[in-house]
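User: Could you take a close look at one part of this protein for me? I'd like to hear how the sheet is put together and what sits against it.

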Amino acid sequence: MSKELVSALDALEEEKGIKAEVLIEALEEALKKAYEKNYDESENVEVQFDKKKGSIKVFAVKTVVAEIEEPYEQISLEEALELNKAYEVGDEIRFEVTPKDFGRLAAQTAKQIIMQKVREAERGVVYDNFVGYEDEIITGEVEREDSRYLYIILPGNQMAAMKPNDQMPSENYQMGDKIKVLVSQVQNEQKGPQVFVSRTHPDLVKRLFEAEVPEVFDGTVEIKSIAREAGDRSKIAVYSHNENLDAVGTMVGQRGARVQSVVTELSGENMDIVEWTEDAAEFIKNSLNPAEVVEVIFDPNNDRAATVLVPDYQLSLAIGKRGQNARLAARLTGFKIDIKPESAREEAIAEMENQSTETVTDENNDEEIELDDNSEE
């Protein structure tokens, strides 16, 4: 058994990358518990494995004391001096107590520990491999579906799960389909690594453009923000760090080839690519493309809110079907956007002024209440 165990430790270190020291430490701890359970629970013991000889020994450990209070853990100084004149109070003495049939128990325990450590090592390798792929695209194959997840087989035969809200509403997945997914999360759970993937995450759009547009991949063109309603429409704000390079045109590509590749991969999802700029008013105008914007009026009471005026005949275009264009523009810019027709300009300004007056009045009322409370005190 001893030679086989040593050989197994060496093989595991070479093939699985599990250090022998880690296995030996786990084995000694497990054998200690096994001894306490099967032989003498009261004794304070430690197990030592000699890797060179392949031998396993059990030692009862006792501390030298002036007066014994715990017989199973202590030995008197008088007894200790009979063993060796050099012992002093506080020293630890080890007495070998290895049972004759301990080899059988050791073999069973060693097998269990080795199998456990191999599983842990394999899980660790999988986790380490895939945690590095978080927020990256991987091509997988649809394997099956149950009431909770759609299961995708990734390279290395690793199973990944796709939640319902990570599945494109415009897509119907069939077993064997090859699809590109974003690794959205990797969890190192006790039962093994759990990889979650997504087809709806905004970063999937970003990674697809990185693959199609070299200027995005190398950072010349930066994707500043993405607002997405997966399977239907996305808005993407881009900025060029090269003043001679048109960011939007670079993303679209010659005859729309680049953006069309992304659209095709996302089953026809529409892409609105707009220019990002530090000028908030200009950025809001761009975000409402394809509608024309006449004026952007910022709310004096809320620095992240604005009223946008558009030609009367373009009001429905600016708002979009079911409010989608306005909704995506708001997400893209981070502003609360209120769209009104150009003919309602005066009413819009008056409404904001009224809100400003109400705010001041409320603040004054609050101050008066505080004064009243103080006077009562």
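Analyst: In this predicted model, three strands line up as an open sheet, in the order S10-S11-S12, with mixed pairing. The edges are strand S10, covering 221–229, and strand S12, covering 270–275; each of these pairs on one side only. On average, neighbouring strands in this sheet are turned by 20° against each other, if you ignore direction.

Now for what packs on the sheet. That's helix H11, residues 324–333, and it touches S10, S11 and S12. The direction of H11 makes about 135° with that of S10.

Back to the strands themselves: S11 spans residues 233–240 and pairs with S12 in the parallel sense, over six bridges. If you want a spot to click on, try Val238, whose bridge partner in S12 is Glu275.

It also helps to set this against the domain assignment, which splits the protein chain into domain 1 (1–128), domain 2 (137–198), domain 3 (201–276) and domain 4 (285–358).

For another pairing to look at, go to strand S1, residues 45–50, and strand S2, residues 55–65: these run antiparallel and are joined by six bridges. Asp50 stands opposite Ser55 of S2. The S1 and S2 hairpin has four residues between its strands, and Gly54 takes a positive phi there, near 75°. S1 also has two faces: Val45, Val47 and Phe49 make up the covered one, while Glu46, Gln48 and Asp50 are on the uncovered one.

Conventions: Residues numbered from 1 in each chain as written. Predicted model: local features only at pLDDT ≥ 70, side-chain atom pairs only at ≥ 80, totals over all residues. Heavy atoms only, no water. Pairing = 2+ DSSP bridges. Axes fitted to C-alpha atoms, helices over the stretch in contact; angles between N-to-C directions. Contact = heavy atoms within 4.5 Å. Domains from an automatic or database assignment. Buried < 20%, exposed > 50% of the residue type's maximum accessible area, 1.4 Å probe, protein only.
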